[in-house]
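Q: I should like to learn how to read a structural model. Could the lesson take confidence, sheets and helix packing in turn?

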Amino acid sequence: MAGITEPCDTVQQQLEERVGLGQSLTPELRAHLADCPGCRAHLTLLRDLEAALLEVVPPLEPPAHLKTAVLGAARQARVTAPAAAKARPHPSRRWWPLMLGAAAVSGLLAFGALLTPSRGTAAALPDPAVVVAAAGGLLVASNDQGGTLNLLRGDQVTATLRSGGRQPSWFTQGVRLGDRVYLADAANDRVLEVQTDPLKVVRSYPVPDGVAGLTASSGPDGGRVYFKTVRGAVGRLGDAGGQITVAREAGMPLADVMDGVLLSGGTLFVTHHLTGEVCLLDPDTLKVLKRVVVGGAPVDLAPEAGGTVLALDVKGRLLRLSAGGEVVRSWPLPGHPDKLGVNGSVALVTDRAGQLTRIDLVSGKLHPMPLVHPMDVVALPDGTFAVAEGSASGKGSVRVLDEALKTSWQLEGGSRK
Amino acid sequence: MHMTWMAVPDSRFSLRSQPATAAERAEEHVQAAQAGPQQAEQPDTDARLALRLRQREEAALSEVYDQHSGAVYGVLNRLLGDAAAQEALQDVFVRLWERPESYDPARAGLKTFLLVMARSRALDRLRATKATLPLFTEDGAELPFPDTGPGPVGHSEDAQRREQIRAALSQLSAAHRETVERAFLVGESREEISGAMKVPVGTVKSRLSYALKHLRAVLEKAGQENAGPENAGLGKEVETWLE
């Protein structure tokens, strides 16, 4: 444009970059635009160009089930209180946006609700998000309004409990320690300690920064549960003073994230997906012994016989790590899997977008299996796997698969298939 | 714990020149549409849908989905691939449901609004994967039109202008078109384009500069031919909003 001044030239370059990258404008740019018709016209040109390009992208028919999911999610949003709606991610975002502002929630109200669980009628398996191999059965936690917990013995629901909480629960992970199960509830920034016989929430541990990962280990002192927070702190439940952080970057908010924590071979492995690292910590002092850059975004860990550890990279890799954390083998995976279960030489990973993948750890062969919304997978002691399948419509299911991916049984919304 | 989403306020909601809320304008559009059959065209259909969405009518969401999910999914699939596109698709429509007031039928067609939101959401996701930028405002609000969206002009005029842009793009070389598409559709940085097309960053910049100059020249020429000097297209409207 003739007669353009140097500042306008610079401003227009910034506008081009920001519109191109889908970024908002800075206050400085806005101030300039307020006084500069030429730059405003340039911005309009860029917006029109963006729209012109978008309009000619060929349409593509989405999978049929998505409409049901959208309408179901909308229905769920309708019944959610406004404050909760703001704090809770939409059900399609199956990872908790970990820096969401509900964190300051704690203790008293939620804890009171725990000790006297709601008397309301709790549905069976309304929206399974986490499944844990508990003593004598499966504990399934749902991301419904009441944070429903179901205990399954075989394929029968034998106990149901609403865990309550100030916000609708958003369970992301569960671990077993003896006769207790610990559940990470990201919406309420807490870890629930659950007794399974009889089914009862016995304690709530506030994790003010939001819990991103859990692991449990038994020992002579009765066992420990380690957690990682979304800000990168690592600590032990019930040990308020003993936290360290593995985060080195500035406090950049993390969106849609979880991490893996695992005690293996006397070392505490902790993924830090933000930097593509696996950190090795002393489980007693929590001192960081080593950081290994494995790349990608590692989000889950599982032990293997022989002392190696499997790490799942949500960007599409399964990694075998040595006891020292070094990558010794890598399997490329389809999609963006975020949960991992391992039984012997078979690993299953789930991608919430709709796929479970079996990996033969000996041959390296992959076998995909489409599922509607697999949220969690856990290896069971008998060599099978349990998968939690979420559903925004309130009719989720739990499925048990053998190592060849044959469905042994499936329990859906209270009815057996 | 506070989110630090990209916290740039949407200037559309703080403009003195806008006397009515988006909801009020939606109702005005519906009333205008009902006043005469000659006005019962696409924008008013969008306005009716917008109003029904604000009234929490689930059937309206179903209709919007039926009308536009293919176009939205096409964009998301192009930018994210299949798996992430499915999730993002739900995200786009449920966000429309949760914040129907974010769509102002006076400013854009619903399809355009959804496509721009889809691109914004997709690029947010890609950024989140790269762990470079936060996604939302501090209060969790979504900014599908972060700055100046299509303006309060006739939608047919908008469509005509974009058609002129596409025609102008078709006059460019294939390399120039690809560079423009990578930058303004796919959301690649200059450096990423340089790597993908195996040309220096300077070449990428000069191609973009040339392409934009060409588009501007074509649009200015068309504007002069069609409406005279008083019509500056959306630029004029944007100027009004920012006053």
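Q: Over which residues at the start of the numbering of chain A does pLDDT stay under 50, and how many contacts beyond four places in sequence does the model have for them?

A: The model is a predicted one. Where pLDDT is low, the predicted coordinates should not be read in detail. In chain A, pLDDT stays under 50 over residues 1-5, and for these the model has three contacts beyond four places in sequence. Another such stretch of chain A is residues 251-256, with 18 contacts beyond four places in sequence.

Q: What is the average pLDDT of chain A, and what percentage of the residues score at least 70?

A: The average for chain A is 81, and 82% of the residues reach a score of at least 70.

Q: In what order do strands β9, β10, β11 and β12 of chain A lie in their sheet, and why is one side of β9 and of β12 left without a neighbour?

A: The four strands make an open sheet in the order β9-β10-β11-β12, with antiparallel pairing. Strands β9 (211-217) and β12 (244-245) of chain A are at the edges and have a single partner strand each, so one side of each lacks a neighbour in the sheet. To see one pairing in detail, take β9(A) and β10(A), the latter spanning residues 224-229: the two run antiparallel and are joined by six bridges. In one of the bridges, A:S217 has A:R224 of β10(A) as its partner.

Q: Which strands of chain A are the edge strands in the sheet β1-β2-β3-β4?

A: This open sheet consists of four strands in the order β1-β2-β3-β4, paired antiparallel. Its edge strands are β1 (128-134) and β4 (156-162), each pairing on one side only. From one strand to the next, the twist averages 20 degrees. Strand β3 of chain A (residues 148-153) runs antiparallel to β4(A), and six bridges join them. For example, A:N150 has A:T160 in β4(A) as its bridge partner.

Q: How are α3 and α4 of chain B placed relative to each other?

A: Two packed helices are described by the angle between their axes and the distance between the axes. For α3 (residues 58-80) and α4 (residues 82-98) of chain B, the axes come within 9 Å and cross at roughly 140 degrees. The two helices are therefore oblique to each other. Their crossing is right-handed.

Q: Which residues meet where α3(B) and α4(B) are in contact?

A: Among them are B:L61, B:V64, B:Y65 and B:L76 in α3(B), and B:A88, B:L89, B:F93 and B:W97 in α4(B). By class, the contact has 15 nonpolar, two polar and one charged residues.

Terms used:
Residues numbered from 1 in each chain as written. Chains lettered and ligands numbered in written order. Predicted model: local features only at pLDDT ≥ 70, side-chain atom pairs only at ≥ 80, totals over all residues. Pairing = 2+ DSSP bridges. Axes fitted to C-alpha atoms, helices over the stretch in contact; angles between N-to-C directions. pLDDT = per-residue confidence, 0-100. Contact = placed C-beta atoms within 7 Å. Parallel < 35°, antiparallel > 145°, perpendicular 65-115°, else oblique. Left-handed = near helix turned anticlockwise from the far one by under 90°. Nonpolar A, V, L, I, M, F, W, Y, C, P; charged D, E, K, R; others polar.
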